[in-house]
Amino acid sequence: GPCTECSCSSGKEPDKDPSHTKKKENDRLCVPKIFFGTRTHKQITQISRELKRTAYSCVPMTILSSRDYTCIHPVVSNSSNRNEMCVELLEGKHGRSCSYYHGVHKLSEHHALQPAPRAWDIEDLVSLGRKLRACPYFAARELMVGADIVFCPYNYLLDPQIRDSMDINLKDQVVILDEAHNIEDCARESVSYGVTESQLRAAREELDLMVNNSIRQKHHEPLRAVCCSLI
C-alpha cells in the first residue's frame with residue numbers, strides 16, 4: 001500500500017526542517033540491544049564463558065541477576081529477605097545507608113568491565129565489587145545503558161513487574177531465549193502466587209471483621225466468599 005508517514009504519499013515536497021532531518025538520522029543510528037535470556041544463573045556463567053572464546057568478547061555487556069547472587073553487604077547478604085533490607089537501607093529508614101551503593105560508579109566505570117580483551121561473568125563482577133567495596137547489583141544495572149548484549153534469567157524478560165523494576169524496555173530490541181521449551185513453565189510461574197491455608201484463614205478472619213463492622217461490605221463480602229471456598 002501507499003506510505004502514509006512520508007511526503008511521497010501526498011505529493012508534497014520533502015520536509016526541509018533541519019530538526020526533522022536530525023530526528024531521522026537519530027532514528028537510523030539507533031542500534032538495538034540483544035537480551036539473552038537463560039533458565040538459570042548458572043547457565044549465564046556458561047554463556048559468558050563461551051562469549052570469551054569468540055571474536056565478540058570485547059562487546060560491551062552486562063549480566064542482570066538477583067541480590068541473592070550479587071549483594072555483598074555483610075548484613076543484607078546474610079538476610080533471608082535481601083530485597084526488603086536493601087530498599088530500607090537505600091531509603092535510610094533507620095538512619096543508615098549502604099556505603100556499597102554509593103560506590104557503584106567505581107565499579108561500573110572500572111576498566112575491567114569496560115570493552116576489554118574478554119567478557120566477564122557474575123563471579124568476576126562480585127569479586128571486583130568486594131575489592132572496590134562497590135555494589136555489583138546496581139553496577140550491573142548501570143552497565144545496561146551502554147551494553148550491546150544483556151544476559152539475564154527468563155523471568156527478567158517475561159515478568160512485567162521485574163521488567164519495570166529493572167528498567168528493561170524490549171521494544172525494538174533483539175530477544176534470544178536459550179532452551180525456549182522451558183518458557184511455558186517460567187511464564188506460569190511469573191503470573192502465579194502461592195498462599196498457605198493459615199494465611200487464608202487469617203485473611204478470612206480480617207474480612208469477617210470488616211463485614212461485621214459494615215466496612216465496605218460490597219467489596220469485602222465477595223473476597224470473604226473466595227477465601228471460604230478455597231479453605
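The lining of the largest cavity divides into 12 nonpolar residues, 1 polar and 1 charged. This cavity belongs to a predicted model. Its volume is about 110 Å³. A search of the whole structure finds 3 cavities of 30 Å³ or more. In the largest of them, 14 residues form the lining, and C71, H73, C86, C98 and C135 lie nearest the centre. Helix 4, helix 5 and helix 8 each give two or more residues to this lining. Helix 4 provides the largest share, with 3 residues.

Helix 8 is mostly covered, with 7 of its 8 residues buried. The buried set consists of P136, Y137, F138, A139, A140, R141 and L143. C135, one of the residues nearest the centre of the largest cavity, lies 9.3 Å from L125, C-alpha to C-alpha. In sequence, L125 and C135 are 10 residues apart. L125 is found in helix 7, which covers residues 122-132. Its relative accessibility is 1%, below the 20% cut-off, so L125 counts as buried.

The largest pocket holds about 390 Å³ of space. Its lining comprises 16 residues. Those nearest the centre are S66, R67, N83, Y156 and I162. By class, the lining of the pocket has 4 nonpolar, 8 polar and 4 charged residues. Four helices each supply at least two of the lining residues: helix 3 (67-70), helix 4 (82-91), helix 9 (154-158) and helix 10 (160-165). Helix 10 gives the most, with 3 residues. Helix 4 thus appears in the lining of the largest pocket and also in that of the largest cavity.

Aromatic contacts were examined next. A pair of aromatic rings is described by the distance of the centres and the angle of the planes. The whole structure contains 3 aromatic pairs. One of them joins F36 and F151, with ring centres 5.7 Å apart and planes at 55°. This geometry is tilted. F36 lies in strand 1 (residues 34-38) and F151 in strand 3 (residues 149-153), so the pair ties together parts that are 115 residues apart in sequence. Both partners fall under the 20% limit for burial. F36 counts as buried because its relative accessibility is 14%. F151 is also buried, at 1%.

A further pair is formed by Y101 and F138. The centres are 4.9 Å apart, and the planes meet at 80°, an edge-to-face arrangement. Y101 belongs to helix 5 (residues 99-102) and F138 to helix 8 (residues 136-143), so this contact ties together parts 37 residues apart in sequence. The partners differ in exposure: Y101 is partly exposed, with a relative accessible area of 34%, whereas F138 counts as buried at 13%. Y101 and F138 also share one aromatic cluster with Y137. Helix 5 and helix 8, the two helices tied together by this pair, are also among the elements that line the largest cavity.

Helix 12 was considered as a separate element. It runs over residues 197-212 and has 16 residues. At 1.5 Å a residue, these should span 22 Å. The expected span counts one less than the number of residues. The end C-alpha atoms are 22 Å apart, which agrees with that expectation.

Three positions of helix 12 were then traced by burial. The buried residues are L200, L207 and V211. Seen down the helix axis, they fall within an arc of 40°, so they line one face of helix 12. On the other side of the helix, S198, E205, E206, L209 and N212 are exposed.

L207, from the buried set of helix 12, lies 9.6 Å from A225, C-alpha to C-alpha. The two residues are 18 apart in sequence. A225 lies in helix 13 (residues 217-230). A225 is partly exposed, with a relative accessible area of 45%. This value sits between the 20% and 50% limits.

Notes
Residues numbered from 1 in each chain as written. Predicted model: local features only at pLDDT ≥ 70, side-chain atom pairs only at ≥ 80, totals over all residues. Heavy atoms only, no water. 1 Å grid on protein atoms, 1.4 Å probe; cavity = no way out; pocket = protein on both sides within 12 Å on 5 of 7 lines; lining within 4 Å. Points joined across faces, edges and corners; volume = space filled by probe spheres on them. Nonpolar A, V, L, I, M, F, W, Y, C, P; charged D, E, K, R; others polar. Phe/Tyr/Trp six-rings, centres within 6.5 Å; stacked < 30°, edge-to-face > 60°. Buried < 20%, exposed > 50% of the residue type's maximum accessible area, 1.4 Å probe, protein only. Arc of directions from axis to C-beta.
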